[in-house]
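Me: I am new to this structure and should be grateful for a close look at a single part of it. Please choose one hairpin, describe it with care, and then show how it sits within the rest of the chain.

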Amino acid sequence: MLIAHQIALDPNNVQATYLAKACGVARFAYNWALAEWQKQYEEHKKDPLKPKPSEGSLRRLLNSIKQEQFPWMLEVTKNAPQMAIIQLGKAFKNFFSGRAKYPKSRKKGMHDRFTLTNDQFDVDDYRIRIPHLGWMRMREKLRFSGKILSATISRIADRWFVSVAVEISDTPKSKTPSDVAVGVDLGVTALATLSTGEKHISPKPHTKLLRRLKRLSKALSRKIKGSKNRVKAKIKLARLYSRIANIRRDVIHKITTGLARRFETLCIEDLNVRKMVKNRYHARSISDMGFHEFSRQLKYKTAWAGNTLVIANRFFPSSKTCSCCGHVLAVLPLAIRNWDCPVCSSSHDRDINAAKNLAAYAVSSTVKACGGSSSGLADILHGETAPVKQEVNVNIYL
Ligand SMILES: [Zn+2]
(Lines give C-alpha, C1' and ligand atoms only; values in the text may rest on other atoms or scores of the structure.)
Protein backbone atom coordinates (compact mmCIF):
# COMPACT_ATOMS: atom_id res chain seq x y z
CA MET A 1 0.00 0.00 0.00
CA LEU A 2 0.95 3.60 -0.51
CA ILE A 3 1.67 5.71 2.52
CA ALA A 4 2.87 9.31 2.79
CA HIS A 5 4.96 10.45 5.72
CA GLN A 6 5.00 14.17 6.38
CA ILE A 7 8.16 15.54 8.00
CA ALA A 8 9.03 19.11 8.99
CA LEU A 9 12.01 20.66 7.19
CA ASP A 10 14.67 23.09 8.38
CA PRO A 11 15.70 24.95 5.24
CA ASN A 12 18.26 27.77 5.42
CA ASN A 13 17.40 31.14 3.86
CA VAL A 14 18.70 30.27 0.40
CA GLN A 15 16.84 26.97 0.43
CA ALA A 16 13.62 28.55 1.70
CA THR A 17 13.76 31.11 -1.12
CA TYR A 18 14.20 28.30 -3.65
CA LEU A 19 11.28 26.34 -2.19
CA ALA A 20 9.02 29.39 -2.35
CA LYS A 21 10.06 29.98 -5.96
CA ALA A 22 9.41 26.34 -6.92
CA CYS A 23 5.95 26.58 -5.32
CA GLY A 24 5.31 29.73 -7.36
CA VAL A 25 6.31 27.99 -10.58
CA ALA A 26 4.14 24.97 -9.77
CA ARG A 27 1.17 27.21 -8.99
CA PHE A 28 1.66 29.23 -12.17
CA ALA A 29 1.93 26.08 -14.31
CA TYR A 30 -1.19 24.61 -12.71
CA ASN A 31 -3.24 27.76 -13.28
CA TRP A 32 -1.85 28.22 -16.78
CA ALA A 33 -2.77 24.63 -17.67
CA LEU A 34 -6.25 25.03 -16.17
CA ALA A 35 -6.92 28.14 -18.29
CA GLU A 36 -5.46 26.45 -21.37
CA TRP A 37 -7.58 23.34 -20.70
CA GLN A 38 -10.75 25.42 -20.59
CA LYS A 39 -9.76 27.29 -23.77
CA GLN A 40 -8.95 24.11 -25.69
CA TYR A 41 -12.15 22.48 -24.48
CA GLU A 42 -14.23 25.42 -25.75
CA GLU A 43 -12.46 25.22 -29.11
CA HIS A 44 -13.11 21.48 -29.25
CA LYS A 45 -16.81 22.05 -28.58
CA LYS A 46 -17.04 24.51 -31.48
CA ASP A 47 -14.98 22.36 -33.80
CA PRO A 48 -14.94 18.64 -32.89
CA LEU A 49 -12.00 18.11 -35.26
CA LYS A 50 -9.79 19.94 -32.79
CA PRO A 51 -8.41 17.64 -30.09
CA LYS A 52 -9.72 17.54 -26.53
CA PRO A 53 -7.23 18.86 -23.96
CA SER A 54 -5.08 16.39 -22.04
CA GLU A 55 -2.41 16.77 -19.39
CA GLY A 56 0.15 15.18 -21.74
CA SER A 57 -0.45 17.65 -24.55
CA LEU A 58 -0.47 20.58 -22.11
CA ARG A 59 2.88 19.53 -20.67
CA ARG A 60 4.36 19.32 -24.17
CA LEU A 61 2.91 22.72 -25.04
CA LEU A 62 4.37 24.33 -21.92
CA ASN A 63 7.76 22.74 -22.56
CA SER A 64 7.85 24.18 -26.04
CA ILE A 65 7.04 27.75 -24.98
CA LYS A 66 8.49 28.12 -21.48
CA GLN A 67 12.01 29.00 -22.57
CA GLU A 68 10.69 31.97 -24.52
CA GLN A 69 7.64 33.05 -22.57
CA PHE A 70 8.41 32.03 -18.99
CA PRO A 71 12.22 31.85 -18.74
CA TRP A 72 12.08 32.19 -14.93
CA MET A 73 10.58 28.70 -14.80
CA LEU A 74 13.99 27.31 -15.66
CA GLU A 75 15.39 28.56 -12.36
CA VAL A 76 13.78 25.68 -10.47
CA THR A 77 13.45 21.93 -10.97
CA LYS A 78 11.54 20.94 -14.10
CA ASN A 79 9.46 18.68 -11.87
CA ALA A 80 7.65 21.70 -10.40
CA PRO A 81 5.67 22.64 -13.54
CA GLN A 82 5.48 19.06 -14.88
CA MET A 83 4.05 17.46 -11.77
CA ALA A 84 1.62 20.34 -11.28
CA ILE A 85 0.12 19.67 -14.72
CA ILE A 86 0.01 15.91 -14.04
CA GLN A 87 -1.88 16.74 -10.81
CA LEU A 88 -4.31 18.88 -12.80
CA GLY A 89 -4.88 15.88 -15.07
CA LYS A 90 -5.71 13.79 -12.00
CA ALA A 91 -8.02 16.50 -10.68
CA PHE A 92 -9.92 16.40 -13.99
CA LYS A 93 -10.02 12.61 -13.90
CA ASN A 94 -11.53 12.74 -10.40
CA PHE A 95 -14.01 15.35 -11.60
CA PHE A 96 -15.11 13.30 -14.62
CA SER A 97 -15.60 10.21 -12.48
CA GLY A 98 -17.74 12.19 -10.02
CA ARG A 99 -15.30 11.88 -7.11
CA ALA A 100 -14.41 15.56 -6.93
CA LYS A 101 -15.57 19.02 -7.92
CA TYR A 102 -14.35 20.89 -10.98
CA PRO A 103 -10.66 21.87 -10.49
CA LYS A 104 -10.09 25.35 -9.10
CA SER A 105 -7.04 27.53 -9.59
CA ARG A 106 -4.33 27.37 -6.93
CA LYS A 107 -3.91 30.37 -4.67
CA LYS A 108 -0.76 31.84 -3.26
CA GLY A 109 -0.42 31.15 0.46
CA MET A 110 -3.03 28.43 0.31
CA HIS A 111 -1.63 25.89 -2.11
CA ASP A 112 2.11 26.41 -1.77
CA ARG A 113 3.51 23.09 -2.88
CA PHE A 114 5.44 21.24 -5.53
CA THR A 115 6.20 17.60 -6.17
CA LEU A 116 9.42 15.81 -7.03
CA THR A 117 9.69 12.41 -8.70
CA ASN A 118 11.98 9.88 -7.00
CA ASP A 119 14.88 10.51 -9.41
CA GLN A 120 14.99 14.15 -8.25
CA PHE A 121 15.77 13.68 -4.57
CA ASP A 122 17.50 11.43 -2.07
CA VAL A 123 16.53 10.74 1.53
CA ASP A 124 19.21 9.81 4.02
CA ASP A 125 18.63 9.59 7.75
CA TYR A 126 17.71 13.09 8.95
CA ARG A 127 18.18 14.84 5.62
CA ILE A 128 16.90 15.15 2.07
CA ARG A 129 18.91 16.15 -1.00
CA ILE A 130 17.43 18.11 -3.86
CA PRO A 131 19.48 18.99 -6.98
CA HIS A 132 20.78 22.61 -6.94
CA LEU A 133 19.89 22.87 -3.26
CA GLY A 134 22.05 20.33 -1.52
CA TRP A 135 21.11 18.61 1.69
CA MET A 136 18.28 19.94 3.84
CA ARG A 137 17.65 18.88 7.42
CA MET A 138 14.54 16.92 8.30
CA ARG A 139 13.13 16.98 11.83
CA GLU A 140 12.49 13.27 11.78
CA LYS A 141 13.69 10.17 9.95
CA LEU A 142 11.53 8.55 7.34
CA ARG A 143 9.64 5.99 9.39
CA PHE A 144 8.70 3.65 6.55
CA SER A 145 10.89 1.46 4.44
CA GLY A 146 9.93 0.53 0.91
CA LYS A 147 10.08 1.98 -2.56
CA ILE A 148 10.12 5.77 -2.40
CA LEU A 149 7.85 7.14 -5.12
CA SER A 150 7.71 10.92 -4.78
CA ALA A 151 8.08 13.84 -2.40
CA THR A 152 5.79 16.82 -2.10
CA ILE A 153 7.19 19.90 -0.44
CA SER A 154 4.64 22.30 0.99
CA ARG A 155 4.31 25.33 3.21
CA ILE A 156 1.85 25.26 6.09
CA ALA A 157 1.59 28.60 7.89
CA ASP A 158 5.26 29.66 7.89
CA ARG A 159 6.80 26.21 8.09
CA TRP A 160 8.04 23.85 5.40
CA PHE A 161 7.19 20.16 5.22
CA VAL A 162 8.07 17.29 2.96
CA SER A 163 5.60 14.48 2.41
CA VAL A 164 7.38 11.38 1.15
CA ALA A 165 5.23 8.77 -0.58
CA VAL A 166 6.43 5.23 0.06
CA GLU A 167 5.13 1.97 -1.36
CA ILE A 168 5.24 -0.36 1.63
CA SER A 169 4.60 -4.06 1.76
CA ASP A 170 1.78 -5.14 4.07
CA THR A 171 3.07 -6.17 7.44
CA PRO A 172 2.78 -9.88 8.19
CA LYS A 173 -0.22 -10.55 10.37
CA SER A 174 0.82 -10.44 13.98
CA LYS A 175 -0.56 -13.00 16.38
CA THR A 176 -1.12 -10.52 19.20
CA PRO A 177 -4.61 -9.20 18.49
CA SER A 178 -7.38 -11.05 20.24
CA ASP A 179 -9.87 -12.58 17.88
CA VAL A 180 -12.67 -10.56 19.39
CA ALA A 181 -14.73 -8.41 17.10
CA VAL A 182 -15.14 -4.90 18.39
CA GLY A 183 -17.73 -2.31 17.45
CA VAL A 184 -16.72 1.34 17.40
CA ASP A 185 -19.41 3.98 17.70
CA LEU A 186 -18.36 7.47 16.67
CA GLY A 187 -20.23 10.19 18.44
CA VAL A 188 -20.54 13.74 19.57
CA THR A 189 -20.21 13.31 23.34
CA ALA A 190 -17.45 10.69 23.14
CA LEU A 191 -15.34 10.56 19.99
CA ALA A 192 -15.19 6.78 20.01
CA THR A 193 -17.04 4.29 22.18
CA LEU A 194 -16.04 0.62 22.03
CA SER A 195 -18.28 -2.36 22.58
CA THR A 196 -15.93 -3.24 25.44
CA GLY A 197 -17.27 -0.18 27.26
CA GLU A 198 -14.17 2.02 26.76
CA LYS A 199 -14.79 5.63 25.84
CA HIS A 200 -12.35 7.98 24.16
CA ILE A 201 -13.15 11.60 24.79
CA SER A 202 -11.96 14.11 22.20
CA PRO A 203 -10.28 17.31 23.36
CA LYS A 204 -12.39 19.37 20.93
CA PRO A 205 -9.54 21.74 20.08
CA HIS A 206 -11.62 23.85 17.79
CA THR A 207 -14.14 24.89 20.41
CA LYS A 208 -11.38 25.55 22.92
CA LEU A 209 -9.33 27.73 20.60
CA LEU A 210 -12.32 29.25 18.90
CA ARG A 211 -12.14 32.49 20.85
CA ARG A 212 -8.53 33.01 19.88
CA LEU A 213 -9.44 32.14 16.32
CA LYS A 214 -12.15 34.80 16.33
CA ARG A 215 -9.82 37.38 17.78
CA LEU A 216 -7.08 36.68 15.23
CA SER A 217 -9.47 36.72 12.27
CA LYS A 218 -10.83 40.03 13.44
CA ALA A 219 -7.30 41.41 13.83
CA LEU A 220 -6.51 40.26 10.31
CA SER A 221 -9.58 41.92 8.84
CA ARG A 222 -8.55 45.25 10.39
CA LYS A 223 -5.12 45.24 8.73
CA ILE A 224 -4.61 47.21 5.54
CA LYS A 225 -4.35 45.07 2.41
CA GLY A 226 -0.82 44.69 1.16
CA SER A 227 0.71 45.79 4.47
CA LYS A 228 3.41 43.89 6.33
CA ASN A 229 1.22 43.72 9.41
CA ARG A 230 -1.43 41.94 7.38
CA VAL A 231 1.09 39.32 6.30
CA LYS A 232 2.11 38.84 9.96
CA ALA A 233 -1.50 38.53 11.11
CA LYS A 234 -2.18 36.05 8.32
CA ILE A 235 0.72 33.83 9.42
CA LYS A 236 -0.45 33.96 13.03
CA LEU A 237 -3.90 32.82 12.01
CA ALA A 238 -2.54 30.09 9.75
CA ARG A 239 -0.36 28.81 12.63
CA LEU A 240 -3.38 28.56 14.90
CA TYR A 241 -5.34 26.69 12.25
CA SER A 242 -2.53 24.21 11.76
CA ARG A 243 -2.19 23.78 15.52
CA ILE A 244 -5.87 22.95 15.81
CA ALA A 245 -5.58 20.47 12.95
CA ASN A 246 -2.53 18.86 14.55
CA ILE A 247 -4.18 18.40 17.94
CA ARG A 248 -7.19 16.83 16.29
CA ARG A 249 -5.16 14.52 14.07
CA ASP A 250 -2.87 13.45 16.88
CA VAL A 251 -5.73 12.24 19.05
CA ILE A 252 -7.31 10.34 16.18
CA HIS A 253 -3.97 8.75 15.26
CA LYS A 254 -3.47 7.46 18.78
CA ILE A 255 -6.92 5.92 19.00
CA THR A 256 -6.93 4.36 15.52
CA THR A 257 -3.42 2.91 15.90
CA GLY A 258 -4.42 1.26 19.18
CA LEU A 259 -7.61 -0.15 17.69
CA ALA A 260 -5.96 -1.51 14.55
CA ARG A 261 -3.34 -3.27 16.67
CA ARG A 262 -5.64 -4.70 19.29
CA PHE A 263 -8.54 -6.15 17.37
CA GLU A 264 -8.76 -8.59 14.52
CA THR A 265 -12.20 -7.49 13.36
CA LEU A 266 -13.53 -3.98 13.75
CA CYS A 267 -16.81 -2.47 12.77
CA ILE A 268 -17.75 1.15 12.26
CA GLU A 269 -20.76 2.81 10.77
CA ASP A 270 -20.68 4.33 7.33
CA LEU A 271 -21.55 7.79 8.54
CA ASN A 272 -23.06 10.11 6.06
CA VAL A 273 -20.88 12.81 7.46
CA ARG A 274 -21.70 15.41 4.89
CA LYS A 275 -25.37 15.21 5.73
CA MET A 276 -24.62 15.43 9.45
CA VAL A 277 -22.39 18.46 9.13
CA LYS A 278 -25.18 20.22 7.28
CA ASN A 279 -27.19 20.04 10.47
CA ARG A 280 -26.33 23.49 11.84
CA TYR A 281 -26.77 22.64 15.50
CA HIS A 282 -24.16 19.88 15.59
CA ALA A 283 -22.01 21.14 12.75
CA ARG A 284 -19.12 22.50 14.74
CA SER A 285 -18.61 19.68 17.19
CA ILE A 286 -19.04 17.03 14.49
CA SER A 287 -16.44 18.49 12.18
CA ASP A 288 -14.30 18.96 15.28
CA MET A 289 -14.42 15.27 15.97
CA GLY A 290 -13.18 14.47 12.51
CA PHE A 291 -15.33 11.41 11.78
CA HIS A 292 -14.08 11.31 8.25
CA GLU A 293 -10.47 11.44 9.36
CA PHE A 294 -11.15 8.72 11.90
CA SER A 295 -12.55 6.24 9.40
CA ARG A 296 -9.90 7.14 6.83
CA GLN A 297 -7.14 6.32 9.30
CA LEU A 298 -8.82 3.20 10.57
CA LYS A 299 -9.24 1.93 7.00
CA TYR A 300 -5.60 2.10 6.09
CA LYS A 301 -4.29 1.01 9.49
CA THR A 302 -6.45 -2.11 9.65
CA ALA A 303 -5.49 -2.93 6.06
CA TRP A 304 -1.87 -2.47 6.99
CA ALA A 305 -2.12 -4.69 10.07
CA GLY A 306 -3.90 -7.33 8.00
CA ASN A 307 -7.06 -7.06 10.08
CA THR A 308 -10.65 -6.79 8.95
CA LEU A 309 -12.76 -3.65 8.98
CA VAL A 310 -16.48 -3.99 8.49
CA ILE A 311 -18.33 -0.85 7.51
CA ALA A 312 -21.97 -1.11 8.49
CA ASN A 313 -24.51 0.27 6.12
CA ARG A 314 -25.68 3.64 7.32
CA PHE A 315 -29.26 2.43 7.53
CA PHE A 316 -28.28 -0.17 10.11
CA PRO A 317 -30.12 0.98 13.29
CA SER A 318 -27.15 0.62 15.64
CA SER A 319 -28.43 3.09 18.24
CA LYS A 320 -32.09 2.13 18.22
CA THR A 321 -31.61 -1.62 18.56
CA CYS A 322 -31.44 -3.24 21.98
CA SER A 323 -28.19 -5.18 22.10
CA CYS A 324 -29.69 -7.69 24.53
CA CYS A 325 -32.94 -8.75 22.87
CA GLY A 326 -32.81 -7.16 19.43
CA HIS A 327 -35.90 -4.99 19.88
CA VAL A 328 -35.79 -1.93 17.61
CA LEU A 329 -37.15 1.35 18.93
CA ALA A 330 -39.19 3.52 16.59
CA VAL A 331 -37.38 6.71 17.55
CA LEU A 332 -34.45 7.65 19.76
CA PRO A 333 -33.73 11.40 19.87
CA LEU A 334 -30.06 12.42 19.92
CA ALA A 335 -30.46 14.07 23.33
CA ILE A 336 -31.28 10.78 25.06
CA ARG A 337 -28.05 9.27 26.37
CA ASN A 338 -29.49 6.40 28.44
CA TRP A 339 -32.57 4.30 27.85
CA ASP A 340 -34.32 1.16 29.06
CA CYS A 341 -35.52 -1.49 26.67
CA PRO A 342 -39.36 -1.77 26.86
CA VAL A 343 -39.17 -5.49 26.02
CA CYS A 344 -36.34 -6.96 28.11
CA SER A 345 -35.99 -3.92 30.44
CA SER A 346 -32.19 -3.83 30.28
CA SER A 347 -30.71 -0.34 30.68
CA HIS A 348 -28.43 0.98 27.98
CA ASP A 349 -25.80 3.66 27.60
CA ARG A 350 -26.64 4.94 24.13
CA ASP A 351 -23.09 4.78 22.73
CA ILE A 352 -22.00 1.50 24.31
CA ASN A 353 -25.21 -0.14 23.12
CA ALA A 354 -24.57 1.09 19.57
CA ALA A 355 -20.99 -0.21 19.71
CA LYS A 356 -22.22 -3.61 20.92
CA ASN A 357 -24.65 -3.81 18.01
CA LEU A 358 -21.84 -2.97 15.62
CA ALA A 359 -19.68 -5.73 17.10
CA ALA A 360 -22.48 -8.24 16.60
CA TYR A 361 -23.00 -6.91 13.09
CA ALA A 362 -19.31 -7.46 12.34
CA VAL A 363 -19.47 -11.07 13.48
CA SER A 364 -22.64 -11.90 11.54
CA SER A 365 -21.50 -10.21 8.33
CA THR A 366 -18.06 -11.82 8.32
CA VAL A 367 -19.65 -15.23 8.94
CA LYS A 368 -22.08 -14.63 6.08
CA ALA A 369 -19.25 -13.49 3.83
CA CYS A 370 -17.26 -16.64 4.64
CA GLY A 371 -20.32 -18.77 3.87
CA GLY A 372 -20.41 -17.24 0.42
CA SER A 373 -23.69 -15.34 0.67
CA SER A 374 -22.91 -11.72 1.31
CA SER A 375 -25.54 -9.89 3.30
CA GLY A 376 -25.35 -7.06 0.81
CA LEU A 377 -25.44 -4.62 3.67
CA ALA A 378 -21.87 -4.51 4.87
CA ASP A 379 -18.76 -3.41 3.12
CA ILE A 380 -16.06 -5.72 4.37
CA LEU A 381 -12.45 -4.74 3.95
CA HIS A 382 -10.02 -7.55 4.61
CA GLY A 383 -6.52 -6.31 5.13
CA GLU A 384 -5.01 -8.40 2.40
CA THR A 385 -7.58 -7.57 -0.22
CA ALA A 386 -8.37 -3.96 0.61
CA PRO A 387 -8.34 -1.99 -2.63
CA VAL A 388 -5.95 0.93 -2.62
CA LYS A 389 -6.96 3.66 -4.99
CA GLN A 390 -3.56 5.20 -5.28
CA GLU A 391 -4.40 8.26 -7.30
CA VAL A 392 -7.38 9.16 -5.16
CA ASN A 393 -6.37 8.39 -1.64
CA VAL A 394 -2.88 8.59 -0.32
CA ASN A 395 -2.70 7.67 3.33
CA ILE A 396 -1.14 10.56 5.11
CA TYR A 397 0.79 9.55 8.19
CA LEU A 398 1.71 12.62 10.17
ZN1 LIG B 1 -34.14 -5.48 24.96
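Reply: What follows begins with the hairpin and then turns to other parts of the chain.

The model is a predicted one. Its protein chain contains nine helices and 16 strands. Of its 398 residues, 32% are buried. Among contacts with a separation of 6 or more, 69% join residues that lie 24 or more positions apart.

The hairpin is formed by strand 6 and strand 7, with two residues between them. Strand 7 covers residues 159-167, and nine bridges join it to strand 6 in an antiparallel arrangement. One position that illustrates the pairing is K147, which stands opposite E167 in strand 7. Strand 6 also has a partner in strand 2: residues 113-117 of strand 2 and residues 147-156 of strand 6 pair in the antiparallel sense over five bridges. Within that pairing, R113 has S154 of strand 6 as its bridge partner. Strand 6 is thus paired with strand 2 and with strand 7.

The turn of the hairpin deserves particular attention. A157 lies in the loop between strand 6 and strand 7. Its phi is near 55°, a positive value in a residue other than glycine. Is A157 buried or exposed, or something in between? A157 is partly exposed, because 15 other C-beta atoms lie within 10 Å, whereas a buried residue would need 20 or more and an exposed one would have 12 or fewer.

Which residues does A157 meet beyond its neighbours within four places in sequence? A157 is in contact with I235, A238, R239 and S242. Another residue to locate in the view is K236, which is 79 residues from A157 in sequence, while the two C-alpha atoms are 7.7 Å apart in space. Helix 5 comprises residues 228-262, and the contacts of A157 just named, including I235 and S242, give the reader a way from the hairpin turn to that stretch of the chain.

Helix 5 has a further partner in helix 8, residues 291-305. The two helices pack at an angle of about 35°, and their axes are 9 Å apart. The crossing of helix 5 past helix 8 is right-handed. On the side of helix 5, the contact is made by R249, I252, H253, T256, T257, L259, A260 and R261, and on the side of helix 8 by E293, F294, Q297, L298, K301, T302 and A305. By class, this contact has six nonpolar, five polar and four charged residues.

A second phi value may be set beside that of A157. For S345, too, phi is near 55°, a positive value in a residue other than glycine. S345 lies in the loop between strand 13 (338-340) and strand 14 (347-349). S345 counts as exposed, because it has 10 C-beta neighbours inside 10 Å.

Strand 12 shows a buried setting. Residues 308-312 make up this strand, and five of the five are buried, so strand 12 is largely enclosed by the rest of the structure. T308, V310 and A312 point one way from strand 12, L309 and I311 point the other way, and all are buried. Strand 12 pairs in the parallel sense with strand 11 (residues 263-269) over five bridges. In one of these pairings, I268 has I311 of strand 12 as its bridge partner.

The nonpolar cores complete the picture. In soluble globular proteins, nonpolar side chains tend to be buried together. The largest nonpolar core here has 37 residues, and A26, A29, A33, A80 and A84 touch the most other members. Helix 1 (residues 13-46) gives the largest share of this core, eleven residues. Setting aside residues up to four places away in sequence, A33 touches L58, I85 and L88. A second, separate core of 33 residues includes I255, L259, F291 and I352. Of these, L259 also belongs to the contact between helix 5 and helix 8 described above.

Helix 1 also contains Y41. Y41 counts as partly exposed, because it has 13 C-beta neighbours inside 10 Å. Leaving aside its neighbours within four places in sequence, Y41 is in contact with K52 and P53. The C-alpha atoms of Y41 and K52 are separated by 5.9 Å, and these two residues are eleven residues apart along the chain.

Conventions: Residues numbered from 1 in each chain as written. Predicted model: local features only at pLDDT ≥ 70, side-chain atom pairs only at ≥ 80, totals over all residues. Axes fitted to C-alpha atoms, helices over the stretch in contact; angles between N-to-C directions. Helix = DSSP H or I, 4+ residues; strand = E, 2+ residues; numbered from the N terminus. Left-handed = near helix turned anticlockwise from the far one by under 90°. Contact = placed C-beta atoms within 7 Å. Nonpolar A, V, L, I, M, F, W, Y, C, P; charged D, E, K, R; others polar. Pairing = 2+ DSSP bridges. Core = buried A, V, L, I, M, F, W, Y, C linked by C-beta atoms within 7 Å.
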